[in-house]
Amino acid sequence: MGAKVVTITSGKGGVGKTTTTANLGVALARLNQRVIMIDADIGLRNLDVVMGLENRIVYDLVDVVEGRCKLRQAMIKHKQFAELYLIPAAQTRDKTAISPADMVQITNKLREDFDFILIDSPAGIERGFRNAVAPADEVLIVTNPEVSAVRDADRIIGLLEAENKGPGKLILNRLKADMVKKGEMLSADDVTDILNIQIIGIVPEDEQVIPASNSGIPVTLNEQSRAGAAFLVIARRLMGENIPLNPTENNSGGFFQRLARLFGGQS
Amino acid sequence: MASFWERMMGRGNRRSGSTAKDRLRFVLIHDRINLTPERMEAMKEEILQVISKYVHIERDQVDIALTQSDRNDSRIIADIPFNPERSDAAAPEMDENSDRENPQPAEGDTTRFIDEPEDTPDDNPKPS
């Protein structure tokens, strides 16, 4: 059946959906996967700048849907990876320019040629979210260890269940291990406990993420970056490898508890 | 449940991380079942009014709480003690085999259930 369609969503804005999409794209490409990323955030496109591909845009997703270009013409190839592509969102339209059925149709055309189709969802729970989730085989919910972000993640999980898209898997982004240690931040265990879903990745807070987006070079290309290492772990887990979350960053809970979850929680 | 001030300041050594967890649990229970705390209060009041037609409820000991072991298992757990002696007038049809003497233990998943000690002397004796 070809590619796996993975939608990255969150409910709340600003938790790192686009950064996560870009970095998972790069991480999967580094692992020799054929990847295409689709920016579903019509009207507020950003995946192009985070990827450093903003100057190459000729056609966008809405052009494809409305028949102004062929699908192939809207695909922008990454500078460094031959098998990493982006379909940008339109900037001057809104979410109603495409429908969930359009997204299903487009991804079905791409499935044969790729291993992964990553969809960057807009924030919110309205049309844009439904467009992004419609073709998903798997949904990743990005959240931060903060009350508002976790609450919105819970809402998304409820909506996914209502749409039969399963509970999804969690990416906990911007975790500060030192604050968790002091008891001033929700731990990964706290968050999975509250949301009661499987966690696929923990990304530590990393000061290299902003310089990376400043220059349009995802942090996963930086060998020194701890966040980059975490995205590589998530990519490998997405590919079905049974590897630990990120034991050095997860300071909450006992070692054996984490070990048990690791072996017990893997599907 | 801690008072607003206690929650604001953290109890003793309590850190904001665990405050966050408690607040999230509370807000998510209501989010998930789409019942605001205000509506919950209205429902409680109505339940108590109905029961009060039959028995004399010890209002200050009532605990009606929402609990959730997971997203798809929500329940309302009510602990409503009443006084049979004072219930006679209000409740002519009251069942003599009341559960009051053998209260059922709460299920293990409840987080807000208050464990009332049995047969404690009245803490707030009223002047007669």
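## A guided tour of chains A and B

Start by selecting chain B and colouring by secondary structure: from the N terminus on, its elements follow the order α-α-α-β-β-β-β-α. That gives four helices and four strands to click through. Buried residues account for 25% of the 128 residues in this chain. Of the contacts in chain B with a separation of 6 or more, 52% join residues 24 or more positions apart.

**Stop 1: colour by confidence**

Keep in mind that this is a predicted model, so a look at the confidence colours comes early in the tour. Chain B has an average pLDDT of 72, and 57% of the residues score at least 70. Which elements of chain B have the lowest and the highest mean pLDDT? Select helix 1 (residues 4-9) of chain B for the lowest, at 55, then strand 1 (residues 56-57) of chain B for the highest, at 94. Next, select residues 91-128 of chain B, where the pLDDT is below 50. Beyond near neighbours in sequence, that stretch has 31 contacts in the model. For the complex, the predictor gives an ipTM of 0.82 and a pTM of 0.78.

**Stop 2: where the chains meet**

Now show both chains and select the residues in contact: 17 residues from chain A and 16 residues from chain B. Together the two chains bury about 1400 Å², with 51% of it on carbon and sulfur atoms. Add B:Lys21, B:Leu24 and B:Arg71 as sticks; these residues supply 39% of the area that chain B buries against chain A, more than any other three residues.

Turn on polar interactions next. Between chain B and chain A there are nine residue pairs in polar contact, both partners at pLDDT 80 or more. Which elements of chain B each supply at least two residues of the side that touches chain A? They are helix 2 (16-33) and strand 2 (63-70) of chain B. Helix 2 of chain B gives the largest share, 11 residues. Colour this side of chain B by residue class and you will find seven charged, five polar and four nonpolar residues.

The salt bridges between chain B and chain A number six. For one of them, zoom in on B:Arg32 and A:Asp154, whose closest N and O atoms are 2.6 Å apart.

**Stop 3: salt bridges within the chains**

Side chains of opposite charge can pair when their charged atoms come close. Over all chains, the structure holds 22 salt bridges. Here are some to visit within a chain.

- Select A:Glu223 and A:Arg30, whose side chains form a salt bridge at 2.9 Å, N to O. A:Glu223 sits in the loop between helix 9 (209-215) and helix 10 (226-238) of chain A, while A:Arg30 belongs to helix 1 (residues 17-30) of chain A, so the pair ties together parts that are 193 residues apart in sequence. A:Glu223 counts as exposed because its relative accessibility is 57%, whereas A:Arg30, at 29%, counts as partly exposed.
- Move to A:Glu138 and A:Lys169, a salt bridge with the closest N and O atoms 3.1 Å apart. A:Glu138 is in strand 6 (residues 138-143) of chain A and A:Lys169 in strand 7 (residues 169-175) of chain A, so this pair ties together parts 31 residues apart in sequence. Are these residues buried or exposed? Both A:Glu138 and A:Lys169 are buried.
- In chain B, select B:Arg14 and B:Asp22, which meet in a salt bridge at 2.1 Å, N to O. B:Arg14 is partly exposed, with a relative accessible area of 26%, and B:Asp22 is partly exposed at 38% relative accessibility.
- Back in chain A, show A:Asp63, A:Glu66, A:Arg68 and A:Arg93 together, since salt bridges that share partners join them into one network.

**Stop 4: two buried spots in chain A**

Centre the view on A:Ile36, in strand 2 (residues 35-39) of chain A. Why does A:Ile36 count as buried? Its relative accessibility is 0%, and buried means under 20%. Outside the residues up to four places away in sequence, A:Ile36 touches A:Met75, A:Tyr85, A:Ile87, A:Leu110, A:Phe114, A:Phe116, A:Ile117 and A:Leu118. Draw a distance from its C-alpha atom to that of A:Asp115: the separation is 8.5 Å, although A:Ile36 and A:Asp115 are 79 residues apart along the chain.

Finish at helix 8 (residues 188-195) of chain A, where seven of the eight residues are buried. Among them are A:Val191, A:Ile194 and A:Leu195, along with A:Asp189 and A:Asp190. Just after this helix, A:Asn196 takes a positive phi of about 60°.

Key:
Residues numbered from 1 in each chain as written. Chains lettered and ligands numbered in written order. Heavy atoms only, no water. Contact = heavy atoms within 4.5 Å. Buried area = accessible area lost by both parts, 1.4 Å probe. Salt bridge = Lys/Arg side-chain N within 4 Å of Asp/Glu carboxyl O. Polar contact = N/O pair within 3.5 Å; in protein donor to acceptor, adjacent residues only side chain to side chain. Nonpolar A, V, L, I, M, F, W, Y, C, P; charged D, E, K, R; others polar. pLDDT = per-residue confidence, 0-100. Buried < 20%, exposed > 50% of the residue type's maximum accessible area, 1.4 Å probe, protein only.
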